[in-house]
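Biologist: I'd love a close look at one part of this model rather than a tour of everything. Could you pick a region and walk me through how its pieces fit together?

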Amino acid sequence: MAYRALIFDLDGTLLRNDKQLSPYTVEILEKCREKGFFLMLATARPIRNVGEYLGKIRFDDMTVSNGGRLFIGEKTFDIPIEKKTAKAILEQLDQSLPLTFETGDVSYANLPFPEYETVFAEDLPSLAEKFPCVKIILHYKNAEQFAEIKKILPESCTATVTNDRLIQIMNREATKWLGIEKMLAAANILKEEAVYFGDHHDDVEALRKCGLGIAPGNAIDEAKAAADIVVLSNEEDGPARFLAERFL
(Lines give C-alpha, C1' and ligand atoms only; values in the text may rest on other atoms or scores of the structure.)
Protein backbone atom coordinates (compact mmCIF):
# COMPACT_ATOMS: atom_id res chain seq x y z
CA MET A 1 0.00 0.00 0.00
CA ALA A 2 1.32 3.44 -0.93
CA TYR A 3 0.82 5.97 1.86
CA ARG A 4 -0.45 9.42 0.94
CA ALA A 5 -1.32 11.18 4.24
CA LEU A 6 0.73 11.76 7.38
CA ILE A 7 -1.40 12.65 10.40
CA PHE A 8 0.11 13.92 13.64
CA ASP A 9 -0.82 14.46 17.25
CA LEU A 10 1.09 17.34 18.82
CA ASP A 11 1.80 16.98 22.54
CA GLY A 12 4.02 14.02 23.35
CA THR A 13 4.37 13.18 19.65
CA LEU A 14 5.63 15.96 17.37
CA LEU A 15 6.42 18.32 20.24
CA ARG A 16 9.25 17.76 22.65
CA ASN A 17 8.56 18.00 26.38
CA ASP A 18 9.28 21.73 26.33
CA LYS A 19 6.37 22.07 23.82
CA GLN A 20 8.73 23.05 21.03
CA LEU A 21 9.18 21.68 17.51
CA SER A 22 12.76 20.75 16.81
CA PRO A 23 14.32 22.22 13.65
CA TYR A 24 14.96 18.63 12.52
CA THR A 25 11.26 17.72 12.74
CA VAL A 26 10.26 20.85 10.82
CA GLU A 27 12.83 20.06 8.12
CA ILE A 28 11.70 16.44 7.71
CA LEU A 29 8.01 17.31 7.51
CA GLU A 30 8.69 19.92 4.84
CA LYS A 31 10.61 17.32 2.84
CA CYS A 32 7.64 14.95 3.17
CA ARG A 33 5.37 17.70 1.83
CA GLU A 34 7.73 18.21 -1.10
CA LYS A 35 7.46 14.50 -1.87
CA GLY A 36 3.70 14.87 -2.18
CA PHE A 37 2.39 13.74 1.20
CA PHE A 38 -0.69 15.40 2.68
CA LEU A 39 0.16 16.71 6.17
CA MET A 40 -2.73 16.67 8.64
CA LEU A 41 -3.04 17.58 12.31
CA ALA A 42 -5.18 15.85 14.95
CA THR A 43 -4.87 17.43 18.38
CA ALA A 44 -6.84 17.91 21.58
CA ARG A 45 -5.63 21.52 21.64
CA PRO A 46 -8.06 24.30 20.65
CA ILE A 47 -7.08 26.33 17.61
CA ARG A 48 -5.84 29.27 19.70
CA ASN A 49 -3.14 26.98 21.18
CA VAL A 50 -2.00 25.69 17.78
CA GLY A 51 -1.15 28.92 15.99
CA GLU A 52 2.49 29.13 17.04
CA TYR A 53 3.21 25.85 15.22
CA LEU A 54 1.37 26.70 12.02
CA GLY A 55 4.04 29.17 11.05
CA LYS A 56 6.57 26.33 11.03
CA ILE A 57 4.54 23.45 9.54
CA ARG A 58 1.91 23.86 6.83
CA PHE A 59 -0.90 21.41 7.52
CA ASP A 60 -3.37 20.78 4.70
CA ASP A 61 -6.24 20.05 7.08
CA MET A 62 -6.69 20.01 10.86
CA THR A 63 -8.93 18.52 13.51
CA VAL A 64 -8.57 20.40 16.80
CA SER A 65 -10.29 20.27 20.19
CA ASN A 66 -10.24 16.45 19.86
CA GLY A 67 -12.52 16.54 16.85
CA GLY A 68 -14.79 19.30 18.07
CA ARG A 69 -13.61 21.62 15.32
CA LEU A 70 -12.38 20.85 11.80
CA PHE A 71 -10.47 22.97 9.32
CA ILE A 72 -10.82 21.37 5.89
CA GLY A 73 -9.63 23.46 3.00
CA GLU A 74 -11.08 26.93 3.47
CA LYS A 75 -14.02 25.70 5.55
CA THR A 76 -14.46 25.41 9.33
CA PHE A 77 -16.85 22.93 10.94
CA ASP A 78 -17.86 22.88 14.62
CA ILE A 79 -19.40 19.82 16.29
CA PRO A 80 -20.70 21.19 19.61
CA ILE A 81 -22.70 19.69 22.43
CA GLU A 82 -26.35 20.70 22.16
CA LYS A 83 -26.89 23.86 24.22
CA LYS A 84 -29.51 22.47 26.62
CA THR A 85 -27.40 19.33 27.08
CA ALA A 86 -24.25 21.30 27.87
CA LYS A 87 -26.17 23.40 30.39
CA ALA A 88 -27.63 20.30 32.08
CA ILE A 89 -24.21 18.63 32.34
CA LEU A 90 -22.58 21.73 33.80
CA GLU A 91 -25.38 22.08 36.36
CA GLN A 92 -24.81 18.50 37.54
CA LEU A 93 -21.04 18.85 37.95
CA ASP A 94 -19.54 19.88 41.27
CA GLN A 95 -18.95 23.62 40.83
CA SER A 96 -16.08 23.50 43.31
CA LEU A 97 -14.11 21.44 40.78
CA PRO A 98 -11.92 23.22 38.24
CA LEU A 99 -14.18 23.40 35.17
CA THR A 100 -13.63 24.78 31.70
CA PHE A 101 -16.18 25.63 29.01
CA GLU A 102 -14.64 25.59 25.52
CA THR A 103 -16.21 27.45 22.62
CA GLY A 104 -14.62 27.60 19.20
CA ASP A 105 -12.31 30.51 20.01
CA VAL A 106 -12.54 31.16 23.76
CA SER A 107 -12.16 29.05 26.89
CA TYR A 108 -14.11 30.08 30.00
CA ALA A 109 -13.26 28.70 33.44
CA ASN A 110 -14.65 28.93 36.96
CA LEU A 111 -11.12 29.27 38.36
CA PRO A 112 -8.03 31.06 37.00
CA PHE A 113 -5.98 28.86 34.65
CA PRO A 114 -3.24 31.10 33.20
CA GLU A 115 -1.55 28.14 31.48
CA TYR A 116 -4.75 27.43 29.49
CA GLU A 117 -5.43 31.06 28.54
CA THR A 118 -8.92 30.96 30.02
CA VAL A 119 -11.38 33.75 30.73
CA PHE A 120 -12.92 33.68 34.21
CA ALA A 121 -16.69 33.12 34.33
CA GLU A 122 -18.51 32.58 37.59
CA ASP A 123 -21.63 30.99 36.08
CA LEU A 124 -20.59 28.46 33.45
CA PRO A 125 -24.06 26.90 32.95
CA SER A 126 -25.42 30.26 31.79
CA LEU A 127 -22.77 30.41 29.06
CA ALA A 128 -24.20 27.25 27.51
CA GLU A 129 -27.32 29.23 26.63
CA LYS A 130 -25.27 31.83 24.75
CA PHE A 131 -22.38 30.04 23.06
CA PRO A 132 -21.85 26.68 21.33
CA CYS A 133 -19.97 24.33 23.65
CA VAL A 134 -17.27 22.38 21.84
CA LYS A 135 -15.90 20.81 25.00
CA ILE A 136 -16.33 20.71 28.80
CA ILE A 137 -13.11 19.98 30.68
CA LEU A 138 -12.58 19.16 34.33
CA HIS A 139 -9.57 18.11 36.34
CA TYR A 140 -10.15 14.61 37.63
CA LYS A 141 -8.71 12.91 40.69
CA ASN A 142 -9.22 9.20 40.20
CA ALA A 143 -10.91 6.48 38.14
CA GLU A 144 -13.94 6.48 40.43
CA GLN A 145 -14.61 10.13 39.69
CA PHE A 146 -14.35 9.48 35.96
CA ALA A 147 -16.84 6.62 36.24
CA GLU A 148 -19.31 8.80 38.16
CA ILE A 149 -19.12 11.57 35.59
CA LYS A 150 -19.76 9.17 32.72
CA LYS A 151 -22.99 8.11 34.45
CA ILE A 152 -24.51 11.58 34.11
CA LEU A 153 -23.79 11.90 30.39
CA PRO A 154 -26.61 11.45 27.87
CA GLU A 155 -26.19 9.13 24.89
CA SER A 156 -25.31 12.11 22.70
CA CYS A 157 -22.08 12.79 24.63
CA THR A 158 -18.88 10.97 25.42
CA ALA A 159 -15.97 11.50 27.81
CA THR A 160 -12.26 10.77 27.46
CA VAL A 161 -9.21 11.28 29.64
CA THR A 162 -6.17 13.18 28.43
CA ASN A 163 -2.81 13.98 30.04
CA ASP A 164 -3.85 11.59 32.85
CA ARG A 165 -5.58 14.45 34.66
CA LEU A 166 -8.25 16.01 32.46
CA ILE A 167 -11.69 14.67 31.60
CA GLN A 168 -13.02 15.97 28.27
CA ILE A 169 -16.78 15.85 27.65
CA MET A 170 -17.86 16.27 24.04
CA ASN A 171 -20.50 15.54 21.46
CA ARG A 172 -20.29 11.81 20.67
CA GLU A 173 -19.75 12.73 17.02
CA ALA A 174 -16.68 14.79 17.95
CA THR A 175 -13.65 12.53 18.30
CA LYS A 176 -10.19 12.60 16.81
CA TRP A 177 -10.96 9.58 14.69
CA LEU A 178 -14.21 10.94 13.27
CA GLY A 179 -12.41 14.19 12.48
CA ILE A 180 -9.66 12.24 10.75
CA GLU A 181 -12.23 10.30 8.72
CA LYS A 182 -13.75 13.57 7.50
CA MET A 183 -10.34 15.00 6.57
CA LEU A 184 -9.38 11.88 4.66
CA ALA A 185 -12.71 11.73 2.86
CA ALA A 186 -12.40 15.37 1.77
CA ALA A 187 -8.92 14.65 0.35
CA ASN A 188 -10.15 11.41 -1.29
CA ILE A 189 -7.64 9.39 0.71
CA LEU A 190 -8.39 5.93 2.11
CA LYS A 191 -7.67 5.25 5.78
CA GLU A 192 -5.33 2.49 4.57
CA GLU A 193 -3.30 5.20 2.82
CA ALA A 194 -2.78 7.18 6.05
CA VAL A 195 0.02 7.02 8.62
CA TYR A 196 -0.94 8.18 12.11
CA PHE A 197 1.43 9.30 14.88
CA GLY A 198 0.14 9.52 18.47
CA ASP A 199 0.96 8.77 22.07
CA HIS A 200 -2.15 8.85 24.28
CA HIS A 201 -5.67 7.55 24.97
CA ASP A 202 -7.35 9.72 22.34
CA ASP A 203 -4.89 8.48 19.71
CA VAL A 204 -5.59 4.76 20.14
CA GLU A 205 -8.48 4.51 17.67
CA ALA A 206 -6.54 6.26 14.91
CA LEU A 207 -3.43 4.18 15.60
CA ARG A 208 -5.52 1.05 15.09
CA LYS A 209 -7.57 2.16 12.10
CA CYS A 210 -5.10 4.00 9.90
CA GLY A 211 -2.99 2.03 7.46
CA LEU A 212 0.07 2.45 9.66
CA GLY A 213 0.09 3.48 13.32
CA ILE A 214 3.27 4.89 14.88
CA ALA A 215 3.74 5.49 18.62
CA PRO A 216 6.76 7.29 20.06
CA GLY A 217 8.71 5.53 22.80
CA ASN A 218 7.21 7.79 25.47
CA ALA A 219 3.62 6.76 24.58
CA ILE A 220 1.31 5.12 27.10
CA ASP A 221 1.16 1.32 26.98
CA GLU A 222 -2.30 1.31 25.37
CA ALA A 223 -1.07 3.47 22.49
CA LYS A 224 2.01 1.31 22.01
CA ALA A 225 -0.16 -1.81 21.90
CA ALA A 226 -2.42 -0.22 19.27
CA ALA A 227 0.48 0.92 17.08
CA ASP A 228 2.15 -1.09 14.34
CA ILE A 229 5.55 0.36 15.16
CA VAL A 230 7.06 2.01 18.25
CA VAL A 231 9.82 4.49 17.42
CA LEU A 232 12.17 6.69 19.43
CA SER A 233 10.60 9.11 21.90
CA ASN A 234 9.37 12.64 21.23
CA GLU A 235 12.50 13.96 22.94
CA GLU A 236 14.57 12.08 20.35
CA ASP A 237 12.49 13.24 17.36
CA GLY A 238 11.22 9.68 16.97
CA PRO A 239 8.41 10.39 14.46
CA ALA A 240 10.62 12.56 12.23
CA ARG A 241 13.48 10.07 12.30
CA PHE A 242 11.08 7.29 11.31
CA LEU A 243 9.82 9.38 8.37
CA ALA A 244 13.37 10.13 7.23
CA GLU A 245 14.32 6.46 7.29
CA ARG A 246 11.08 5.10 5.81
CA PHE A 247 9.97 7.67 3.24
CA LEU A 248 12.86 10.01 2.38
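**Charged pairs, the sheet and one of its threonines**

Modeller: With pleasure! R48 and E102 form a salt bridge through their side chains, with N and O 3.3 Å apart. This pair ties together distant parts of the chain, 54 residues apart: R48 belongs to the loop between β2 and α3 (51–54), and E102 to strand β6 (residues 99–102). Please keep in mind that this is a predicted model. E102 counts as buried because its relative accessible area is 6%, and the cut-off is under 20%. R48, at 23%, is partly exposed.

General chemistry helps here: side chains of opposite charge can pair when their charged atoms come close. In total, the structure has 17 salt bridges. One of them joins K19 to D11, with 2.9 Å between the closest N and O atoms; K19 is partly exposed, at 38% relative accessibility. Another links E91 and K87, whose closest N and O atoms are 2.5 Å apart. These two residues are about one helical turn apart because four residues separate them in helix α4 (residues 83–92). E91 is partly exposed as well, with a relative accessibility of 48%. Finally, D9, K176, D202 and D203 belong to one network, joined by salt bridges that share partners.

Now to the sheet, the part I would most like to show you. Eight strands make up an open, mixed sheet, and their order is β5-β4-β3-β2-β1-β12-β13-β14. The edges are β5 (75–78) and β14 (229–231); each has a single partner strand, so one side of each lacks a neighbour in the sheet. From one strand to the next, the average twist is 15°.

Let's start with β1 and β2, which are parallel and share four bridges. Here L6 sits opposite L39 of β2. Helix α7 (residues 176–186) packs on the sheet, where it contacts β1, β2, β3, β4 (69–72) and β12, and its direction is at about 165° to that of β3. Another helix, α10, lies across β1, β12, β13 and β14, and it runs at about 115° to β14.

L6 and L39 also turn up in the largest nonpolar core, which has 30 residues; together with F8 and L243, they touch the most other members. At least two core residues come from each of β1 (5–8), α1 (10–14), α2 (23–34), β2 (38–42), β3, β12 (194–197), β13 (212–216) and α10 (238–247). With four residues, α10 gives the largest share. Beyond its neighbours within four places in sequence, L39 contacts L6, F8, L29, C32, R33, I57, R58, F59, D60 and D61.

Helix α2 holds V26, whose contacts more than four places away in sequence are L21, K56 and I57. The C-alpha atoms of V26 and R58 are 9.7 Å apart, though 32 residues separate the two in sequence.

On the other side of β2 in the strand order comes β3. T63 is part of β3 (residues 61–64) and counts as buried because its relative accessibility is 0%. What does T63 touch, beyond residues up to four places away in sequence? Its contacts are L41, A42, T43, R69, L70, K176, G179, I180 and M183. K176 is thus both a contact of T63 and a member of the salt-bridge network with D9, D202 and D203. A polar atom of the T63 side chain also lies 3.4 Å from the backbone nitrogen of G67.

The partner of T63 across the bridge to β4 is L70. These strands, β3 and β4, are antiparallel and share four bridges. Their hairpin has four residues between the strands, and S65 has a positive phi there, near 50°.

As a rule, side chains in a regular strand alternate between the two faces of the sheet. In β4, R69 and F71 point one way, L70 and I72 point the other way, and all are buried. R69 stands opposite D78 of β5. The strands β4 and β5 run antiparallel and are joined by four bridges. Two residues lie between the strands in this hairpin, where G73 adopts a positive phi near 60°. That brings us to β5, at the edge of the sheet.

Definitions and conventions: Residues are numbered from 1 along each chain as its sequence is written. This is a predicted model: local features need pLDDT of at least 70, side-chain atom pairs count only at pLDDT 80 or more; totals for chains, interfaces and linings use all residues. Side-chain values use heavy atoms; hydrogens and water are left out. Buried means under 20% relative accessible area, exposed over 50%, partly exposed in between (1.4 Å probe, protein chains only). A polar contact is a pair of N or O atoms within 3.5 Å; within protein, one must be able to donate a hydrogen and the other to accept it, and residues adjacent in sequence count only if both atoms are side-chain atoms. Contact means heavy atoms within 4.5 Å. A nonpolar core is a set of buried Ala, Val, Leu, Ile, Met, Phe, Trp, Tyr and Cys residues joined through side-chain atoms within 4.5 Å. A salt bridge is a side-chain nitrogen of Lys or Arg within 4 Å of a carboxyl oxygen of Asp or Glu. Two strands pair if DSSP finds at least two bridges between them. Axes are lines fitted to C-alpha atoms, for helices over the stretch in contact, and angles run from 0 to 180 degrees between N-to-C directions.
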